[in-house]
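Dear colleague,

I am handing over the structure we spoke about, and below it I have set out what I found when going through it. Please read the notes with the model open beside them.

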Amino acid sequence: STDRLLDYELNIGEVVSRGWALLTGNFWLAVGATALVTLCTMAVSMIPFLIGTIANAVLGQVFYAGLYFFYLQLDRGEAVELGQAFAGFSKHTAKLILLGLLVFGISLGLMLVAALPVGIVLLSNVLAHGGNPDISTLVGWPLILSGIVALPVVCFLVYLSVSWVLAPILVIDQGLGPWTALQTSRKLVSKQWLAFFLLFLV
């Protein structure tokens with residue numbers, strides 16, 4: 001249950017130390033798996049136009065869920081092969097794709113909301129000057145005000161990005177549905193959000 005999962009403590013030093021030991025103990029296997037998954041996501045993102053961006057946003061959950069599961073198996077001491085880094089394409093793939101769509105949709109919506117004040121300022125400027133924007137009038141309070149309005153949305157997006165970090169592994173390892181995985185991840189991470197955020201920076 002979620003209550004049972006919430007009973008944990010996150011020590012950044014111990015996590016980094018444990019991760020380093022896991023890496024050095026399985027160096028070539030770990031580096032090979034990470035490199036392959038990274039190259040695949042890069043290849044997908046290079047598809048022309050917006051197709052690559054959208055495909056990478058959606059399939060990224062599938063790729064990285066497999067990589068996370070690969071490392072989870074290593075940590076559990078189970079026998080692991082290189083191909084298992086792509087477990088996302090054989091375990092709960094549909095759920096992971098839906099997770100990717102959900103995260104992409106919510107993130108895109110929040111980014112559009114954050115950009116809306118700036119867009120309104122720019123559009124108002126264009127209309128006020130007969131289609132020829134006056135750049136000089138944009139410098140100063142209009143952009144500052146837009147930034148102040150957008151800042152809370154950006155901060156909320158950062159909060160969600162960190163809070164949802166466990167969602168892929170909850171789907172592929174526990175078989176949770178996309179929305180349940182996001183909610184569960186948020187509850188788990190929110191207990192020690194700052195520690196997870198600092199771990200991102202490390």
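Which residues does Leu67 touch, not counting residues up to four places away in sequence? The model is a predicted one, and in it Leu67 touches Ala33, Thr34, Val37 and Ala85 under that condition. Leu67 lies in helix α4 and, at 5% relative accessibility, counts as buried. With Ala33 in particular, Leu67 has a separation of 34 residues in sequence, while the two C-alpha atoms are 7.3 Å apart in space.

On the overall picture, the protein chain comes to 9 helices and 0 strands, so that reading from the N terminus the order of elements is α-α-α-α-α-α-α-α-α. Of the 202 residues in the protein chain, 31% are buried. If one takes the contacts between residues at least 6 apart in sequence, 70% of them join residues at least 24 apart. The protein chain exposes about 11,800 Å², of which carbon and sulfur atoms supply 72%.

Turning to the interior, the largest nonpolar core holds 22 residues, and the members that touch the most other members are Leu96, Leu99, Ile172 and Leu182. At least two residues of this core come from each of α4 (51–75), α5 (93–128), α6 (141–163), α7 (167–174) and α8 (178–190). A second core, separate from that one, has 11 residues, including Leu22, Phe70, Leu74 and Val80.

Ile172 deserves a look of its own, since its neighbours, leaving aside residues up to four places away in sequence, are Ala65, Gly66, Phe69, Ala87, Gly88, Lys91, His92 and Leu96. One of these neighbours, His92, lies in the loop between α4 and α5 and counts as partly exposed at 32% relative accessibility. The phi of His92 is near 55°, a positive value in a residue other than glycine. As background to that value, most residues other than glycine have a negative phi.

Gln61, whose place is in helix α4, is a further residue to inspect, and it is buried, with a relative accessible area of 17%. Not counting residues up to four places away in sequence, Gln61 touches Leu96, Leu99, Gly100, Val103 and Pro168, and among these Leu96 and Leu99 are also listed with the core members that touch the most others.

How many salt bridges does a search of the whole structure find? The count is 2. In one, the side chains of Asp75 and Arg18 meet at 2.8 Å, N to O; because Asp75 lies in helix α4 and Arg18 in helix α2 (residues 12–25), this pair ties together parts that are 57 residues apart in sequence. Asp75 is partly exposed, with a relative accessible area of 34%, whereas Arg18 is exposed, with a relative accessible area of 52%.

In the other, Asp173 is joined to Arg76, the closest N and O atoms being 2.8 Å apart. Here Asp173 belongs to helix α7 and Arg76 to the loop between α4 and α5, so the parts tied together are 97 residues apart in sequence. Both partners count as partly exposed, Asp173 at 24% relative accessibility and Arg76 at 43%.

Among the aromatic residues, the count comes to 8 pairs. One of them is formed by Phe27 and Trp28, in an edge-to-face arrangement with 5.0 Å centre to centre and 80° between the planes. Phe27 is partly exposed, at a relative accessible area of 37%, while Trp28 counts as exposed at 72%. Elsewhere, Phe156, Tyr159, Trp193 and Phe197 form one aromatic cluster.

Finally, on the surface there is a nonpolar patch of about 550 Å², made by Ile47, Phe49, Leu50, Ile51 and Ile54. Leu50 is found in the loop between α3 (27–45) and α4 and, at 61% relative accessibility, counts as exposed.

With best regards

Conventions. Residues numbered from 1 in each chain as written. Heavy atoms only, no water. Helix = DSSP H or I, 4+ residues; strand = E, 2+ residues; numbered from the N terminus. Buried < 20%, exposed > 50% of the residue type's maximum accessible area, 1.4 Å probe, protein only. Contact = heavy atoms within 4.5 Å. Areas by Shrake-Rupley, 256 points an atom, 1.4 Å probe, with all protein chains shown as cover. Phe/Tyr/Trp six-rings, centres within 6.5 Å; stacked < 30°, edge-to-face > 60°. Core = buried A, V, L, I, M, F, W, Y, C linked by side-chain atoms within 4.5 Å. Patch = residues over 30% accessible without salt bridge, like charges linked within 9 Å, V, L, I, M, F, W, Y side chains within 5 Å. Salt bridge = Lys/Arg side-chain N within 4 Å of Asp/Glu carboxyl O.
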